[in-house]
Amino acid sequence: MQKIEHRQIEETLYYEKLPNGLQVYLLPKPGFNKTYATFTTRYGSIDNTFQVQGQEKMSVPDGIAHFLEHKMFEQPSGEDVFQEFSRQGASANAFTSFTRTAYLFSCTDQVQKNLTTLLDFVQSPYFTDQNVEKEKGIIGQEIRMYDDNPDWRSYFGLIEAMYQQHPVKIDIAGTIESISKITKELLYTCYQTFYHPSNMLLFLVGPVDPEATIELIRENQSAKTFDEIKEIHRFFPDEPDQVAEKVKEVELSVGISKCLFGFKEGKDAVNLTGEALMKQELATQIVLEALIGSSSELYQSLYDDGLIDDSFGCDYSLDRGYGFSMIGGDTFDPDQLLQRIRDELPKRAEQGISPETFERIRKKKIGANLRFLNSPEWIANQFTNYRFNDADLFKIIPVLESLSVDDINRRMQQHIDWNRFAVSIVRPHS
Amino acid sequence: MSTIQFETVSIGDVRVHVCSSEKFKTTALLAFIAQELKPEYVTKTALLPSVLQRGTASYPTTIELRRKLDSFYGATLFGDVFKRGERHLIQIGMEIANERYLSEKKSLLDEGINLFSEALFSPHLEQGGFKASYVEAEKKNLKQKIESLQDDKIRYASQRMVEEMCKGEPYALFNHGRIEDLPQIDAQNLYTYYQEVIQTCPIDIYCVGNVSADDVVKRLERNIGDSLRQRRKTLAVPSAVHSAARKEKTVIDRLNVKQGKLNLGCRTNVTIQDDDYPALMMYNGIFGGFPHSKLFLNVREKASLAYYCSSRLESHKGLLIIQSGIEISNFEKAVDIIKKQLAAMQQGDISDKELDQTKATLSNQLKEQQDRSFELIHFHFNQSVLSGRERTLEALLHDLEQVRKEDITRVAEKIQLETIYFLRDQEGNANAKN
């Protein structure tokens, strides 16, 4: 087991790669009550066309990664695994994103038992025709819930407006129609492809003894047999630089319109890994914050004119084959807001970001990073996310410190491209 | 378990609670100001936290204030209002990086406490009142916040259910206030109201972090002037509304929605100030608080009717609220299954397994809260200040461990279903319950 010390932030990380390929990371947090663990596969909603070494290429129904996540909780005993976690005083959950599926628990007691339960349930699928059918009703209601959620609709609307081909534009849960095609056989195929330990990462954070914990994990894993490690090839269609639609609008029963907008990254700025990915991500976040964040003049003037409120924010996503900024929130007048953005953002961008502004926002981001380091959930999830892209969460502060104001202005020129600008609006029913 | 203690000191009538802990990389500051929940106050109270965040005596413009916070390693300043029983609480908070983890080692605490105190006690003033443009902008924002309630159907249904169930009680008021009050509010009368609140309402200030209690208290003392040290009013701890005479009613709202939102409201007749409160927590845990609870198992796992179905307590008011999202045509089926679970609780249909699971998960939940500074603060404020009694985490954990099945059944007998609320689509017969 390797020991990695991060002196500035006073964190020590332990790492081991097991013979079956599983990556294990342990982060002791003395003084904490809670242990939080995530067991994550590098498999999300975008991995819908793939080929395993020596097998045929496959395309699977939309929403299957998320469906599989639901079904993993089923056990041959007929009792779902939540019951076992509850008995052991743990709170368990799971989530599926574009690129990952994570299973997790948190507990303050019986850590070893809960860890064993986590490893065992994720490594023993049990699907039947009947339990697959039953889940369609439950997930159908999950889909309906999101259909009625204007924040989700505007968020997804923007991605749909930006992407022509890339599967990031497909809703993670799929549709009621697409999930109707899911069978237990398809679930087993996806499971066997993506749940091999060599495609997974286990992260544990809390008041744990690293030696005893790694010993338990080694034993648990060596007692199980897995197929040999095979390479997974994932296929993504060619994504043009142009957006699919300039503006996407829907009407819902809302009191206030939602307006989100942002810039799609071109081909040259996606598929980054490691430090290059971190640099681009952090630099773009600084750009957005400087141009339109809560301490910018633009934000303040829009706020004073009543065009935005404190729901207004900006965000940046960058992962396998896609990248985009997302800016916006609630507004009484999406059209006027967009007009102001189109008039004023180019001027601000042309003026460039000053060294003082850059320094202020860099400090803000360093402080925010410390705040996040209080959160075991954030550490485990973000670490895994970065690791799957060969980047290192604990390097955020050094990378921030390495950025220069020129890096930021260059990034701004590259990102703010009005040919790759898209808008999503949710309006009240007319 | 590592337990965490607060040290409480009074400055005049302002209570200061400090907890020194090495486990957080930031320092959390949070102030609670308690006001009665009343129609004549509610909107003004709701408006205060956002006006206070617009500018202070030293940083009169919002941009100056925000930039100061940024350069302060991204200190966060936030404010909000919420209800606890018949009380309306303002909270203003700040989180500051601890310089121990920064390459620049200058102390941020001193300035942080000054800025936080300014936000609370020294707002930017203009002609003896708040700055008019700030008040007008925040009125507009508040209106928008009230109107946007409808956008989140889960919150909307929950608020509508409470409005219908608690008609005529202050608790029916929305925490963000009423649109109709806004035109009468201006920079002058809001400032007059602010002065009254800041000088007479109970204030509790919390600080959690790698700090010394003495230091924090000394620094706050410098910022709490004589006019703030006068005697403050005490708000009555509200007691449960007894509802023996009330009949069950069904309320149906219609909007353009795809999923029906079902909310059921019960009176618990037990609140956080009662000895039976731990038994009520156990009741809620077994009934609907967790994925092993009766609601999740029966509504979701067995009947496949919903993605979520759970219950939660409003411990100060004495409410148990059940929430689910269902296919509109399944309204009666879902209500029927939920009522059967309520009945099962009253009949004492509780297994040892449910009892053990719920004790384990509740204890886990409470201990986990100790790892988040703001939750740590809220726990203390709820259990040891608002409840009108002193209940430590250890005492609560001990009491939960002692709860027997009979105690839960005794609580169950007091729980009365009062309101069934359903938010549904526009289709079908307007009068039919479907």
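**Contacts between and within the chains**

In this predicted model, chain B puts 58 residues in contact with 56 residues of chain A. Quite a few elements of chain B chip in with at least two residues each on the side that touches chain A. The helices on that list are helix 2 (62–71), helix 4 (132–147), helix 9 (294–302) and helix 11 (352–369) of chain B. Strand 5 (87–97), strand 11 (306–314) and strand 12 (319–326) of chain B are on it too. Helix 11 of chain B gives the most, with 9 residues. As for chemistry, the residues on the side of chain B that touches chain A split into 18 nonpolar, 21 polar and 19 charged.

Now for chain B on its own. The domain assignment splits chain B into domain 1 (7–228) and domain 2 (249–424). Taken over C-alpha atoms, the centres of domain 1 and domain 2 of chain B are 30 Å apart. The contact between these two domains draws on 21 residues from domain 1 of chain B and 22 residues from domain 2 of chain B.

On the domain 1 side of that contact, the elements of chain B that give two or more residues are strand 2 (14–20), strand 3 (26–36), helix 5 (153–165) and strand 8 (203–209). Helix 5 of chain B has the largest share here, at 9 residues. Sorted by class, the side of domain 1 of chain B that touches domain 2 comes out at 13 nonpolar, 3 polar and 5 charged residues.

Note on methods
Residues are numbered from 1 along each chain as its sequence is written. Chains are lettered from A and ligands numbered from 1 in the order in which they are written. This is a predicted model: local features need pLDDT of at least 70, side-chain atom pairs count only at pLDDT 80 or more; totals for chains, interfaces and linings use all residues. Two residues are in contact if their C-beta atoms, placed from the backbone, lie within 7 Å. Helices (H or I, at least four residues) and strands (E, at least two) are DSSP runs, numbered from the N terminus. Ala, Val, Leu, Ile, Met, Phe, Trp, Tyr, Cys and Pro count as nonpolar, Asp, Glu, Lys and Arg as charged, and the others, Gly among them, as polar. Domain bounds come from an automatic or database domain assignment.
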